[in-house]
Amino acid sequence: MAVKSGFVALAGRPNVGKSTLVNALVGEKVAIVSDKPQTTRRAVRGVATSPDWQLVLVDLPGVQRPRDALTQRMQRRVELELAESDAALLVLDGEQAVGPGDRFLAHLLSAASLPVVIAVNKVDRLDRAATVAVLTAAASLEVGDDVFPVSARRGTGVPALAEHLASLMPDGPFLFPPDERTDLPEQVRLAELVREQVLRRTFQEVPHSVAVELEDLERPRDDLVVVRASVLVETESQKGILIGRGGRMVRAIGTAARRELERELGAQVHLELRVDVRRRWRGDDALLDRLGIE
């Protein structure tokens, strides 16, 4: 039997669970998860593979009006990924009413001339009546023909969604080796895991002003990896917040990040983390290139 493979672009408002859904479809963590808006700055490719199909999942950066070089790149990436995808998946939050943001994204996807599927996430938190109401509201968006209730956190409904998306893919060979789960370079993946821990502990403007640059990666032994990373912020006050009183905050970030890195690398990790002020880094094209934000 011929195999199918292709690209699926994921769109959704902040906090609907897109990254969690990508991870659930892939079967392991490839996208960082945060409750902060605009967490995804690059089009993370997760690769979900079965014997008969392969889905390359593109978690689109948050769609917003470009304000600087960073958001211009994010918007350009959204347009390029939609143009190159074989289907689109619009993710809605089942706990929230369908709103203007969802309608904007539905309009954007309907204009892209792609098959569109809607996934209503977080249905594990809804009773039957609420589920029916949100599925009806999703259908009223009039984009695509299929609406799937899912729980990305629990995995409920995810296999059926994957099989349906696979049915929309063209016939063709796998685009990635069957055991590959993402095309993000290792240094970008590891830097993202550190940034995830910063996002979990900071508020207001700080998360959006933070980047993590992996400066060095050494393997002095098979069971030990030395990672040196810089957390970049835009102001001295942000640096003070991230370091914390007596260095408490940066130690907590480092401890949590080290655990994530050890899980990813399968080895003991020695993490050296420092906080640097890099004013207006979001407008620095050379730095954005190094961070892997196209």
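Which residues of β4 lie on one side and which on the other, and are they buried or exposed? On one side sit A87, L89, V91 and D93, on the other A88, L90 and L92, and all are buried. Buried here means under 20% relative accessible area, while exposed means over 50% and partly exposed is in between (1.4 Å probe, protein chains only).

A quick word on what you're looking at. This is a predicted model, where local features need pLDDT of at least 70, side-chain atom pairs count only at pLDDT 80 or more, and totals for chains, interfaces and linings use all residues. Residues are numbered from 1 along each chain as its sequence is written, and side-chain values use heavy atoms, with hydrogens and water left out.

**Around β4**

Strand β4 covers residues 87-93, and 7 of its 7 residues are buried. Helices (H or I, at least four residues) and strands (E, at least two) are DSSP runs, numbered from the N terminus. Strands of a sheet pair through backbone hydrogen bonds, either parallel or antiparallel. Two strands pair if DSSP finds at least two bridges between them. Here are three parallel pairs, two of which involve β4.

| Strands | Bridges | Direction |
|---|---|---|
| β1 (residues 4-12) and β4 | 5 bridges | parallel |
| β4 and β5 (residues 116-121) | 6 bridges | parallel |
| β8 (residues 224-233) and β9 | 10 bridges | parallel |

To find these pairings by eye, look for L10, whose bridge partner in β4 is L89, and for A88, which stands opposite V116 in β5. β4, helix α3 (residues 100-110) and β5 also make a right-handed β-α-β unit. Right-handed means that, with the strands pointing away from the viewer, the path from the first strand over the helix to the second runs clockwise.

**Helix α1 and its partner**

Two packed helices are described by the angle between their axes and the distance between the axes. Helix α1 (residues 18-26) packs against helix α5 (residues 158-167) at about 80°, with the axes 10 Å apart. That makes α1 roughly perpendicular to α5. Axes are lines fitted to C-alpha atoms, for helices over the stretch in contact, and angles run from 0 to 180 degrees between N-to-C directions. Angles under 35 degrees count as roughly parallel, over 145 as roughly antiparallel, 65 to 115 as roughly perpendicular and the rest as oblique.

L21, A24 and L25 in α1 meet V158, L161 and A162 in α5, where contact means heavy atoms within 4.5 Å. The residues of this contact divide into 6 nonpolar, no polar and no charged. Ala, Val, Leu, Ile, Met, Phe, Trp, Tyr, Cys and Pro count as nonpolar, Asp, Glu, Lys and Arg as charged, and the others, Gly among them, as polar.

Helix α1 also holds S19, which is buried with a relative accessible area of 11%. S19 and V30 are 11 residues apart in sequence and 8.2 Å apart in space, C-alpha to C-alpha.

**The β7-β8-β9 sheet**

Now for an open sheet of 3 strands, ordered β7-β8-β9, with mixed pairing. Its edge strands, β7 (211-221) and β9 (268-277), each pair on one side only. From one strand to the next, the twist averages 15°. In the β8-β9 pair, L224 stands opposite Q268 in β9. Helix α6 (residues 186-201) packs on the sheet, touching β7, β8 and β9, and its direction makes about 120° with that of β7. Helix α8 (residues 248-265) touches β7, β8 and β9 too, with its direction at about 135° to that of β9.
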